[in-house]
Every structure is written in C-alpha cells, then in structure tokens.
Amino acid sequence: NEKVAELAYKRWAQVAASTRLKSLLAELGAAERGHHEMLLHVLPSEIAARRAQPVSSASIAKLLVDVPVPADLLSCAGIAAAARREEVLAALYELLAGLGGEAAALFSSLAAEEQRHRHLLLAEFGVGEDTSAGRGCT
C-alpha cells in the first residue's frame, strides 16, 4: 500500500495546478516511499511480542481492503478517498503496534505519520472531517 500511495501522490503532483499543492503531494509521496523502505527491514519476528493478545484475522482483513481512489484525485471525492486510505493505514499500523513486538515503536510512528498526512490533505483542500462519499467539501 505504501508503494501504491507513493506512485499515486507523485502522479497527482504532476497534474496539480499550484506550486504549493505540487509540493505537498510530492512531500507525501516521498514520505510514503520512506515508509515502504522502513517496512522492508521489519522481520516477522519483530512484529508481535511473545505474549501478545491474538488478533483476529477478520480485524486485520478489514484493514487490508483497498480504498478505491477516483481518477481525478483533485476532486473532492478524490481527496476524501486519499484521506480515507491514510486513515485505514493508520488503523492498521496502530493494530500492529498493539501487538507489542520489537517493531511496535515503528508502527506507532507510522500510524501517527499517516494521521498527519490525512490532516494535511483535508486542510489543504478544505475538506471537512466527514469525508465519506465526498461529503464535507467546502
């Protein structure tokens, strides 16, 4: 998902009208690439503590469902979908951090970063917190 997000942000940066928006989208793309590179170094043994509470596969599966993003990201619905993707990734990282393994701090940090990305997108585009189905656009 991080690699997909990186490529999407880079593509959207190319078509953005303002320099400020191009810069924000390029920054988000670079951050997603950094996340991808960090995750490449996480070993499965670092994900869960030995005494971690079991996590149901259903709770993980619902976070792995892809959130479709409209072709026109620069529309209200596109921004809402991109923000939702960031929210879903944050929830997944929070779940992984809760497992308490050696990588818990990394996952907590990534969750916070994804939430920051979400807030940056919503603020830049004047989209309200109710982003479902593109509602909340100003």
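A salt bridge here is a side-chain nitrogen of Lys or Arg within 4 Å of a carboxyl oxygen of Asp or Glu. This is a predicted model, where local features need pLDDT of at least 70, side-chain atom pairs count only at pLDDT 80 or more, and totals for chains, interfaces and linings use all residues. Residues are numbered from 1 along each chain as its sequence is written, and side-chain values use heavy atoms, leaving out hydrogens and water.

Q: How far apart in sequence are Glu124 and Arg20, the pair tied together here?
A: Their side chains meet in a salt bridge (3.0 Å, N to O). Glu124 sits in helix α5 and Arg20 in helix α2 (helices are DSSP runs of H or I, at least four residues, numbered from the N terminus). So the pair ties together parts whose separation in sequence is 104 residues.

Q: Is Arg20 buried or exposed?
A: Buried means under 20% relative accessible area, exposed means over 50%, and partly exposed is in between (1.4 Å probe, protein chains only). Arg20 comes in at 60%, so Arg20 counts as exposed.

Q: Which residue's side chain makes a polar contact with the side chain of His117?
A: His117 lies in helix α5, residues 104-125, and is buried at 0% relative accessibility. A polar contact is a pair of N or O atoms within 3.5 Å; within protein, one must be able to donate a hydrogen and the other to accept it, and residues adjacent in sequence count only if both atoms are side-chain atoms. At 3.4 Å, the partner is Glu86.

Terms used: Helices (H or I, at least four residues) and strands (E, at least two) are DSSP runs, numbered from the N terminus.
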